Amino acid sequence: MPEVAQSFNPSDLSVGELEALQNHYLPKPYRIERIVKHTADEWAFMVPVDFEGGFDKFVEVSLPMAGECPISISDFGEGWIELVIRRVGKVTSELFKLKEGDTLYLRGPMGNGYPVKEVFSGNNLTVIAGGTGVAPARSVINYFMRNRDQINHMDVIVGFRSRDHILFSDDIEVWKEKFNTTVTLDQGDPEKGENVGLVTAYLSDLDYNEPEHHHYVVVGPPMMIKFTVKGLLENGAREDRIWVSHERRMACAVGKCGHCRVGNTYICLDGPVFRYDQSKHLID
Ligand SMILES: Cc1cc2nc3c(=O)[nH]c(=O)nc-3n(C[C@H](O)[C@H](O)[C@H](O)COP(=O)(O)OP(=O)(O)OC[C@H]3O[C@@H](n4cnc5c(N)ncnc54)[C@H](O)[C@@H]3O)c2cc1C
Ligand code: FES
């Protein structure tokens, strides 16, 4: 007698089995509620979503016929995320043609994010960010803005190419009121009161007296990460208190294609945020 195939009932499956059946490659459409044009080439897209954001978690953003790219969640709240996107190439240029009310497509969120509540809370924190790296760091800073009693002391050092490239100038003014905040420009005018130089020039001004209780978030281009970490270590920061975020070319973002793999590490699955002592080999 041939065996009778049992009927398939999804309600018989465990949560893990249902998760495994999900198509992680399938993007979903979302409506853009608001676009804020910070600079000519850096815009913030506020998008209502049906998933939870996270501190430097990222989403894959796509448009039909254009392609897909990973973008960090720069801020989030109940039912919304914000993405700050720099126009650099094919996909991002198409995204810059969109208007409020138009549709973009998202997969995610992905990545591990910063251990804001579990590790940073109750300690001293220094956030050092460059360029669009300020976007993922912003969700961390704004969390402690809203929950000032959860952080002991906080320094913020942010660097931009020039005055025209400054992101989140409104936020930065508020950060200055609550935290020890330094803004520095690669090309600036000291006569106008602007700090000129790289973020690394300000590392020796920090207080390194409590290495055990002082964490550092470093996010920006690879060269900036390399020299900032070097400077922090020379001043006495502990390797296991430095958190770096790695931006690598990605494709699937779910650990299948190998695009982001360095040795045995998949940046999309294991990162993009890593403790420096556990990820030295990922820095070029
Ligand atoms: C985890 C993660 C988070 C990111 N978060 C943000 C963000 O918040 N905002 C933002 O604007 N960008 C972010 N990026 C970078 C963004 O994904 C790339 O700029 C994007 O893929 C460019 O797509 P494109 O098709 O417009 O450019 P392309 O046409 O593919 O490339 C244009 C230029 O950008 C370079 N490029 C492309 N991808 C990367 C990359 N991953 N890293 C470095 N250089 C790249 C190319 O070499 C080329 O020079 C993030 C990347 C990762 C991996
Ligand atoms: S992007 Fe495909 S494995 Fe990480």
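In which strand is the place of Pro109? In this predicted model, Pro109 belongs to strand E8, which covers residues 103–110, and the peptide bond that joins Gly108 to Pro109 is cis, with an omega of about 5°. A cis peptide bond, with omega at about 10°, also joins Gly271 and Pro272; Pro272 is placed in the loop that runs between helix H7 (267–270) and strand E17 (273–275). Most peptide bonds are trans, and most residues other than glycine have a negative phi.

Positive phi values in residues other than glycine were found at Met65, where phi is near 75°, and at Ala253, where phi is near 65°. Met65 lies in the loop between strand E4 (58–63) and strand E5 (67–72), and Met65 counts as exposed because its relative accessibility is 85%, where exposed means over 50%. Ala253 is likewise a loop residue, set between strand E14 (242–245) and strand E15 (261–262), but with 3% relative accessibility Ala253 counts as buried, the cut-off being under 20%.

As to the overall form, the secondary structure of the protein consists of eight helices and 17 strands. A compact globule of 284 residues would be expected to have a radius of gyration near 19 Å, and the 21 Å computed for the protein agrees with this. Taken along the principal axes, the box filled by the C-alpha atoms is roughly 85 × 45 × 35 Å. Of the 284 residues, 48% are buried, and the accessible surface comes to about 14800 Å², with carbon and sulfur atoms contributing 49% of that area. Among the contacts with a separation of 6 or more, 67% are between residues that stand 24 or more positions apart. The side chains include 30 positive and 41 negative ones, and the centres of these two sets lie 4 Å apart.

The interior was then examined. The largest nonpolar core is made up of 58 residues, and those with the most contacts inside it are Ile81, Leu104, Leu106, Tyr114 and Phe144. Helix H4, which spans residues 134–146, gives the most to this core, with eight residues. Apart from this core lies another, of 17 residues, including Leu206, Val218, Ile225 and Ile242. When neighbours within four places in sequence are left aside, the residues in contact with Leu106 include Pro27, Tyr30, Val47, Val49, Phe51, Val59, Val61, Ile81 and Leu83, together with Lys28 and Glu60.

Ser139 also has its place in helix H4, and this residue is buried because its relative accessible area, 1%, falls under 20%. With neighbours within four places in sequence again left aside, Ser139 is in contact with Phe55 and Asp56, and also with Ile73, Ser74, Asp75 and Phe76. Although Ser139 and Phe55 are 84 residues apart along the chain, their C-alpha atoms are separated by 5.8 Å.

Gly89 was considered in the same manner. Gly89 is situated in the loop between strand E7 (80–86) and helix H2 (90–95), and its relative accessibility of 26% means that Gly89 counts as partly exposed, a class that lies between 20% and 50%. Between Gly89 and Thr200, which are 111 residues apart along the chain, the separation of the C-alpha atoms is 29 Å.

Definitions and conventions: Residues are numbered from 1 along each chain as its sequence is written. Chains are lettered from A and ligands numbered from 1 in the order in which they are written. This is a predicted model: local features need pLDDT of at least 70, side-chain atom pairs count only at pLDDT 80 or more; totals for chains, interfaces and linings use all residues. Side-chain values use heavy atoms; hydrogens and water are left out. Helices (H or I, at least four residues) and strands (E, at least two) are DSSP runs, numbered from the N terminus. The radius of gyration is taken over C-alpha atoms; the globule rule is 2.2 Å times the number of residues to the power 0.38. Buried means under 20% relative accessible area, exposed over 50%, partly exposed in between (1.4 Å probe, protein chains only). Contact means heavy atoms within 4.5 Å. Accessible areas come from the Shrake-Rupley method with a 1.4 Å probe; for residues, only the protein chains shown count as cover. Lys and Arg count as positive and Asp and Glu as negative; His and the chain ends are not counted. The place of a charge is taken as NZ of Lys, CZ of Arg, CG of Asp or CD of Glu. A nonpolar core is a set of buried Ala, Val, Leu, Ile, Met, Phe, Trp, Tyr and Cys residues joined through side-chain atoms within 4.5 Å.
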